[in-house]
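Me: Please show me the structure, then take me through a few questions about how the chain packs.

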Amino acid sequence: MIKLSRMADYAVVLMTQLSREPETLRTAAELSQSCGLPQPTVSKILKQLAQAELLVSYRGNKGGYLLARAADGITMADVIGAVDGPIALTDCIGPDGLICEIEALCPTRTNWQSINDAMIQALSSVSLAEMAVPRMDFVHQLPRRAEPAAAVAE
């Protein structure tokens, strides 16, 4: 199964939250509360995103975080890469170029590279601004909550 790390998923949630009010300084505590994530985790992720220059951090009593650039200029590849490092589906195509036992005979390495490139291209084509807007076709597919039972009149 190919899936994002929990930290990358949380980073997308936090960045999406920040993009909804791009001019408002938000603290780790506020973001923790509004996103329902543990504050130590939020603090760690925000620091990583700031180090990757996706956020600007303001220190002090009235400090907090802002997006470093417009949400339409930040891609999902940027966010995921800031938290997880370079995107690589297998070890042999990662930046470390780790060598496995069968690399010399591996018939799939070049194909994995093509797949990895397609994944990066797909993630690079979706902006934070797009992620912040719910897709209506998907929203209509979500299960509806049961309506509360009407009070019985006596």
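Some questions and answers on strands, core and helix follow.

This is a predicted model, in which local features need pLDDT of at least 70 and side-chain atom pairs count only at pLDDT 80 or more, while totals for chains, interfaces and linings use all residues. Residues are numbered from 1 along each chain as its sequence is written, and side-chain values use heavy atoms, with hydrogens and water left out.

Me: Which residue of β2 is the bridge partner of tyrosine 58?
Reply: Strands are DSSP runs of E, at least two residues, and helices are runs of H or I, at least four, numbered from the N terminus. Two strands pair if DSSP finds at least two bridges between them; β1 (residues 55-58) and β2 run antiparallel with four bridges. For tyrosine 58, the partner in β2 is glycine 64.

Me: Which element gives the most residues to the largest nonpolar core?
Reply: A nonpolar core is a set of buried (under 20% relative accessible area, 1.4 Å probe, protein chains only) Ala, Val, Leu, Ile, Met, Phe, Trp, Tyr and Cys residues joined through side-chain atoms within 4.5 Å. The largest has 29 residues, and Met15 and Val79 are among those that touch the most other members. With seven residues, the element that gives the most is α1.

Me: How far apart are the end C-alpha atoms of α1?
Reply: The expected span is 1.5 Å times one less than the number of residues. α1 has 15 residues, so it should span 21 Å. The distance in the model agrees with this: 22 Å.

Key
Buried < 20%, exposed > 50% of the residue type's maximum accessible area, 1.4 Å probe, protein only.
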